Amino acid sequence: MTNLLGYALLSLGTGALYALVASGVVVIARGAGVINFAHGALVMWAAYFFSAAQENWGLPVAPAGALTVVVTAAIGLAFAVLAMRPLRGASPLIRAMATLGLLIIVQSVAGLCFGSRVRSSPSVLPAGELTMFGTTIGVDLFVRLAAVAVVIAVLWAFFRFTTVGLAATAVVDNPRAAAAVGWSPDAVAGAAWCVGSALAGLAGVLLAPLGNPLSSPSLIMLVVPALAVALMARFHSLPGVFAGGLALGLVELETQVGLVTAHPAWTGADRVIPLIVIVFYLVVRGHGIPDRGHIVARHPELGGGRIHPLALGMLLAVALALIWFVLPSDWVNAVGANALWALLMVSLVVLVGFAGQICLGQLVPAGVAALITGRIVASWHWPLVAALVVGVIGAVAVGLLFALPALRTRGLQLAIVTLGIGAAADAILFQRGYHSPPPAGTAATIFGGLGSPEGTVVGTQSLFGIELDTIDNPDGFATLALVVFTLVALAVANLRRGRAGRRLIAIRADERAAAALGISVVGAKLYAFALSAAIAGLGGVLYVFYEYGEVGNINYGAGTFAPFGSIMLIAFAVVGGIGWVSGSVAGATLVVGTLGTRVAMVVGDLLGGPGWLVHLDRFLPLASGVVLIMIMNGPGGGIAADNARAIHRALARLGSGWPDRPARAAASRRRRLAHLLASGGDAGEQPVPVQPVPVRPARLAVAGLTVTFGAMTAVRSIDLAVEPGEVVGLIGPNGAGKTSLIDAISGHAPAAGGVVTLGGTPVDRLGAPRRARAGIGRTFQHLALFEDLTVLENIQAASDPRDTRAYLTNLLSARERPLPPMAALAVGAFGLRDDLFRTVSELPYGRRRLLSVARAVAAAPSVLLLDEPCAGLDQTEAAQLVRLLRRLADDWGLAIVINDHDMSVIQGVCDRVAVIDIGRKIAEGRPAEVCGDPRVQAAYLGRPVGEFEGKGLAGA
Amino acid sequence: MIVAGLGVVLAVAGLTACGHGGGGADSSPPAGSSGAPVTVMIIAPTGTAGGNYPEMVAATRAAVRGVNARGGIKGHPVQLVHCNENNDGSAAAACAKQAADTGVLAVVSETSGTGGIMATLAKAGIASVGSAGVSADGSELHSPISFVLSPLVMFPAVCPALLKKIGAGHLGMVGYDLSASDRLLILGQVGAKAVGLPVSPVVRVPITTNDFTPTVTRLTAAGADGTVMVVTEQAAVAVMRGGGGRLSYCHATGAISDASLEQLGPVAGRLVEATAYPELDEADRFSELRRMRAELDAEYNSGDKDASAALWKSSTSLNGWLSVQVVEKIGNQVPGELTSSALLAQLGRTTNLDLQLVPPLDFTRPNPIPGVERVFNTTLRGARWDSGGRRHVSLGNETYQALDILAAGSRPPR
């Protein structure tokens with residue numbers, strides 16, 4: 001007990017540090033609405049700067065500390081003004097990604113300025129000891145604790161009692177409202193960054209004398225426990241931060257003392273605790289499908305996945321010729337490294353670029369595959385190719401583990417979870433000591449455990465007859481790397497163009513919309529993580545042999561798979577263009593040791609002059625950080641997108657000299673259209689074909705449906721039935737429960753009670769995708785189109801077969817098939833033929849609204865649930881849509897439920913109308929009857945219906 | 001790995017301050033030698049923001065000056081090229097390539113935290129003599145072209161004996177929970193067993209540890225009065241500061257800088273160090289040490305400020321100087337033409353090489369411990385920090401045979 005209390009007291013030192021770092025994270029989150037992944041980097045910067053201020057510049061401790069805090073605060077302020085201000089309207093995820101740019105910049109600048117020499121700083125805290133519970137404790141611990149407590153108390157009082165503090169919270173919660181009353185969101189955000197960064201500076205000052213090896217990237221990773229603590233405090237409560245920091249410090253130390261020291265097999269267990277906290281707070285409290293309030297984040301620009309065989313063949317031939325006949329070995333190895341990093345990055349193209357699953361721990365599956373492969377080779381002497389297969393399977397298993405939290409979290413939350421997983425995996429897997437069997441016949445056995453060689457001794461290995469040794473066989477290794485990357489890149493490009501890729505892009509764009517089209521969000525995520533992990537695993541195995549093949553002994557703990565590496569990987573991938581397969585090549589070029597480094601060295605040599613110019617390659621990471629922030633401020637396409645646009649412009653200029661080029665392009669387009677619409681859509685446009693249409697007529701029946709959100713009941717025991725060919729309108733004031741009713745029918749919101757049947761079959765137990773596949777289609781108020789895709793791809797995403805086979809076959813081939821009959825008919829009926837090859841973002845609003853309905857129709861539903869389909873349309877467009885909907889019901893037999901505020905629409909299209917008010921159905925009948933109902937007039941219309949002719953509610 | 005562990009412990013591996021290998025001819029051959037000049041290369045970082053070894057480079061320059069004064073190697077004047085490793089993997093690899101491309105006779109006292117050098121030298125058939133053996137890939141310790149003179153990678157095995165010598169009766173250990181620390185911790189535990197001292201606790205802390213107060217508490221609460229440290233300089237300083245006079249401490253020489261020891265004050269007097277070579281002030285006992293000092297003085301007097309006596313260090317200066325002595329002695333034994341491959345072959349045949357400062361070396365018998373096969377000298381010494389005189393002083397004339405200690409400690413109890 002004495003020990004327990006003694007260690008509890010001792011843990012206060014680390015706990016206070018966690019609390020201080022986390023308080024900075026929370027201040028920035030509260031004042032600027034940003035999760036700052038660079039906070040650990042700012043602490044690292046401050047620790048270095050403080051040390052240098054004393055050692056190099058000879059400043060006394062107090063001025064050095066004060067200067068450190070001021071400079072770190074200035075960095076935060078400058079970042080807020082220069083980088084975050086233009087991003088004020090961006091999603092939290094985009095802004096958090098921009099902080100990764102800050103992380104890279106700070107880390108690079110610190111490296112350039114301070115290097116990695118071990119530094120020492122005299123303590124700013126008083127010396128002396130006292131004994132409590134039989135434990136000798138330094139006085140500095142209590143001083144540090146008190147200092148942190150005072151700082152946090154002041155911050156708490158500031159946010160709680162001052163007008164400025166309250167305004168800061170208001171600005172984040174509702175920037176427009178706060179601005180309306182005179183609080184500038186930019187000013188508040190700048191102040192929050194300034195104060196939060198100053199806290200990082202203070203943490204650095206208090207940390208520097210504690211004896212930490214300042215050169216370690218582990219300082220940067222202090223952000224992981226800080227995020228765990230901030231999560232415990234819900235990024236809001238400063239007392240919670242203090243308590244959480246101390247609690248985390250206590251649990252870590254007790255785990256270290258009681259478990260890790262006593263049982264070395266548990267090495268790293270103490271460092272898993274922040275991950276456990278993160279998983280608990282984010283995953284357990286997450287949602288399978290995002291709720292209606294979920295903000296759809298902007299994602300990086302997507303490439304089309306088109307392959308140009310001639311260009312690719314020529315590039316490959318030139319590269320191979322250079323490898324074998326021209327380049328010296330160091331350049332050849334740089335080509336090999338480039339290909340391998342590109343291979344690792346293309347795994348992120350699948351996961352982040354296509355599926356939109358942010359992963360800050362992508363080197364974990366890569367490392368696990370390398371670990372499994374190496375251990376099998378070293379311990380059991382399997383052939384490398386067999387071990388490689390097992391290793392990649394292991395990576396897939398890890399990828400699926402990553403996917404589990406992704407099923408309930410997304411965006412920023414997922415980024416935090418994967419960062420935590422990366423840190424935990426590094427601690428428990430890669431930093432573990434590995435040994436290999438002693439060589440046969442050795443006398444080493446007399447030394448007991450020392451007789452087993454350290455590391456994973458794999459010796460000289462070959463793959464497909466190619467020796468994996470960059471010294472003895474650089475040409476062969478580089479060729480292997482290049483060919484493997486090319487094959488994988490081709491498969492990923494095929495995936496992008498195929499229906500499996502469209503499923504991934506659909507969940508990236510909007511999970512709710514994807515589910516409404518029958519796409520299994522769970523299945524698509526699992527696939528994305530598995531495939532991505534497999535590619536990363538393959539890259540990881542090849543890369544460890546690139547690094548250690550010549551030595552024949554793999555060291556997994558040297559930082560190759562460290563969490564900071566994963567951060568750099570995604571940062572470089574974004575800079576290269578994470579939505580483009582070719583972006584992986586561009587991104588890889590920025591990694592140290594690849595072609596970018598070689599070119600920078602040559603350029604530096606040519607430039608000569610000042611010393612820093614000679615070492616131009618040292619500035620590559622810094623430049624990458626800056627470019628990352630710039631990309632976050634733009635469309636997010638990265639280098640690959642810019643390259644594609646430049647090539648397109650160049651080809652257009654070249655093509656202008658060929659008069660017949662437009663005619664050839666038009667002919668090609670016609671041929672493609674004819675192929676796509678072969679099943680009927682090409683027959684005509686506006687008129688809806690009468691028959692045959694592939695609709696399965698079915699009756700939708702809802703009985704006693706109830707929807708609750710916590711203590712609030714949004715829908716109270718509503719009964720509703722819609723027959724095939726019938727259009728039923730839902731009307732009611734805002735907040736009446738209409739959309740909640742639609743959500744509950746489509747499976748997008750859980751029902752607390754009641755029954756939903758389709759064609760007499762209950763569908764209550766089915767999730768949204770399976771209800772969609774059963775025949776319940778829907779649209780959304782906010783359109784929920786896949787903005788990065790073309791109109792055609794949106795239609796295809798809705799009408800593609802939902803087979804699992806595509807997940808495999810699309811990697812090999814992605815031949816474009818004719819649209820299914822219903823999709824082709826929808827294209828014709830909604831007049832989308834001429835827009836098919838345009839991206840959605842190019843369309844005017846009215847066309848996009850039509851597309852949202854057409855996409856739902858293309859899925860061939862029996863029942864169509866339309867949530868405010870006419871919102872934003874002018875009267876002509878609305879009237880056109882009304883006619884179209886009426887004919888979909890009359891001629892195709894669709895059962896339609898329409899929620900709209902425009903009474904002219906409701907009256908024009910509906911056979912019956914149900915009126916909802918405060919979650920209850922208060923009336924139902926023909927439109928004219930309902931509008932004349934006094935209860936309806938009192939609750940909703942307010943005056944006789946005739947006054948609303950031709951007006952929406954907005955006009956009422 | 002031992003090597004990686006030592007790299008962590010000595011914190012010599014710079015990761016960020018980079019640049020590609022530069023370097024150039026550091027010393028020109030004297031006019032008096034008759035044969036064609038041969039080139040010896042030293043690969044080590046200088047002038048970076050990380051760990052730097054200008055005193056070691058100067059020591060090799062001094063040694064080459066001495067060799068040339070004696071007529072060179074087999075009549076060939078020797079010129080020394082320093083390739084700046086810059087604490088950067090790319091620069092290290094470029095240095096190795098430069099050595100191979102220019103056909104140097106040998107590489108001496110190579111010091112690189114990143115490694116990636118030995119394989120290139122091996123392919124070119126160039127010997128590496130006297131590598132520090134601290135690279136992350138561990139290649140210097142088992143590459144067949146490497147001939148490591150310093151046994152410091154085995155320092156934890158000897159520390160218990162040194163601590164016992166100054167009166168410790170119950171040891172603790174402090175290391176990281178990194179794979180790189182595993183072997184070092186085992187070495188310490190086996191070494192303690194060999195000298196009959198209990199080791200408890202063995203504290204493994206995360207590399208992210210910011211506060212070593214709990215670590216010290218665990219050591220003292222368990223009754224330890226001595227501790228073997230296999231942590232970085234800053235962590236070691238923090239442990240010593242926290243432990244104060246309640247503990248005595250042991251680390252590898254050079255792991256804690258003189259500046260830090262001076263800052264620690266009297267507590268630093270409780271530090272003993274495992275050393276590879278005699279202390280520099282033991283010149284009265286070792287004639288070779290006197291010769292080294294004279295050659296370094298001559299180098300300094302020629303205008304080489306890095307050869308200043310104020311910068312001399314036993315672990316680095318002596319290692320650099322000795323490496324050149326090996327090349328000279330073995331080079332002179334090469335039958336026929338003096339080439340890098342002939343030198344390498346002659347090194348591989350060498351037995352009973354007496355450098356006086358270390359026990360006679362037998363390059364035909366690799367170290368039996370896997371992973372450190374090329375560490376031929378396994379004899380360590382002890383030193384302590386004289387906080388009054390602010391210098392390292394010998395702990396006595398005893399030497400400590402690490403392999404004997406490990407064999408004794410690994411023996412199962414009867």
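Two strands count as paired if DSSP finds at least two bridges between them. With that in hand, here's a quick tour of this predicted model. The predictor gives the complex an ipTM of 0.70 and a pTM of 0.84. We'll start with strand pairing in chain A, move through some of its covered elements, and then turn to chain B.

**An open sheet in chain A**

- Strands of chain A line up as β8-β7-β10-β11, a four-strand open sheet with antiparallel pairing.
- The edges belong to β8 (712-722) and β11 (761-762) of chain A; each has a single partner strand, so one side of each has no neighbour in the sheet.
- For β11(A), look to strand β10 (residues 753-758) of chain A: the two run antiparallel and are joined by two bridges.
- If you want a spot to click on, A:T757 sits opposite A:P762 in β11(A).
- As a general point, strands of a sheet pair through backbone hydrogen bonds, in either a parallel or an antiparallel way.

**A buried strand in chain A: β9**

- Strand β9 (residues 727-731) of chain A has five of its five residues buried, so the rest of the structure largely encloses this strand.
- Both of its faces are covered, with A:V727, A:G729 and A:I731 buried on one side and A:V728 and A:L730 buried on the other.
- β9(A) pairs in the parallel sense with strand β14 (residues 895-899) of chain A, over four bridges. There, A:L730 has A:N899 as its bridge partner.
- Strand β15 (residues 912-917) of chain A also runs parallel to β9(A), again joined by four bridges. In this pairing A:G729 stands opposite A:V913.

**Two covered helices in chain A**

- Helix α14 (residues 363-380) of chain A has 18 residues, which at 1.5 Å a residue should span 26 Å; the end C-alpha atoms are 25 Å apart, so the two agree.
- Of those 18 residues in α14(A), 16 are buried, so the helix is largely enclosed by the rest of the structure.
- Right after α14(A) comes A:H381, with a positive phi near 60°.
- Helix α32 (residues 821-829) of chain A is mostly covered too, with eight of its nine residues buried. Among them are A:M822, A:L825 and A:V827.
- What do the buried residues of α32(A) pack against? They pack against α30 (791-799), α33 (845-858) and α34 (875-892) of chain A.
- Just after α32(A), A:G831 takes a positive phi of about 65°.

**Chain B at a glance**

- Chain B carries 14 helices and 14 strands.
- Its C-alpha trace spans about 70 × 45 × 40 Å along the principal axes.
- A compact globule of 414 residues would have a radius of gyration near 22 Å, and chain B comes in at 21 Å, which agrees.
- Buried residues make up 68% of the 414 residues in chain B.
- Among contacts in chain B with a separation of 6 or more, 70% are between residues 24 or more positions apart.
- Chain B has a mean pLDDT of 87, and 90% of its residues reach 70 or more. Over residues 1-25 of chain B, though, the pLDDT is below 50, even if this stretch has 118 contacts in the model beyond near neighbours in sequence.
- Where pLDDT is low, the predicted coordinates should not be read in detail.

**Around β7 of chain B**

- Six of the six residues of β7(B) are buried, so this strand is largely enclosed by the rest of the structure.
- One side of β7(B) shows B:L171, B:M173 and B:G175, the other B:G172, B:V174 and B:Y176, and all are buried.
- β7(B) runs parallel to strand β8 (residues 199-205) of chain B, with five bridges joining them. Strand β9 (residues 226-230) of chain B also runs parallel to β7(B), likewise through five bridges.
- B:M173 appears in both pairings: it stands opposite B:V202 in β8(B) and opposite B:V228 in β9(B).
- β7(B), helix α7 (residues 179-194) of chain B and β8(B) make a right-handed β-α-β unit.

**A loop residue: B:I166**

- B:I166 lies in the loop between α6 (155-165) and β7 (171-176) of chain B.
- Is B:I166 buried or partly exposed? B:I166 counts as partly exposed, because it has 16 C-beta neighbours inside 10 Å.
- Beyond its neighbours within four places in sequence, B:I166 is in contact with B:S248 and B:V272.
- B:I166 and B:L395 are 229 residues apart in sequence, yet 9.1 Å apart in space, C-alpha to C-alpha.

Note on methods
Residues numbered from 1 in each chain as written. Chains lettered and ligands numbered in written order. Predicted model: local features only at pLDDT ≥ 70, side-chain atom pairs only at ≥ 80, totals over all residues. Rg over C-alpha atoms; globule rule 2.2 N^0.38 Å. Buried ≥ 20, exposed ≤ 12 C-beta atoms within 10 Å, placed from the backbone. Contact = placed C-beta atoms within 7 Å. pLDDT = per-residue confidence, 0-100. Right-handed = clockwise from strand over helix to strand, strands pointing away. Expected span 1.5 Å × (residues − 1).
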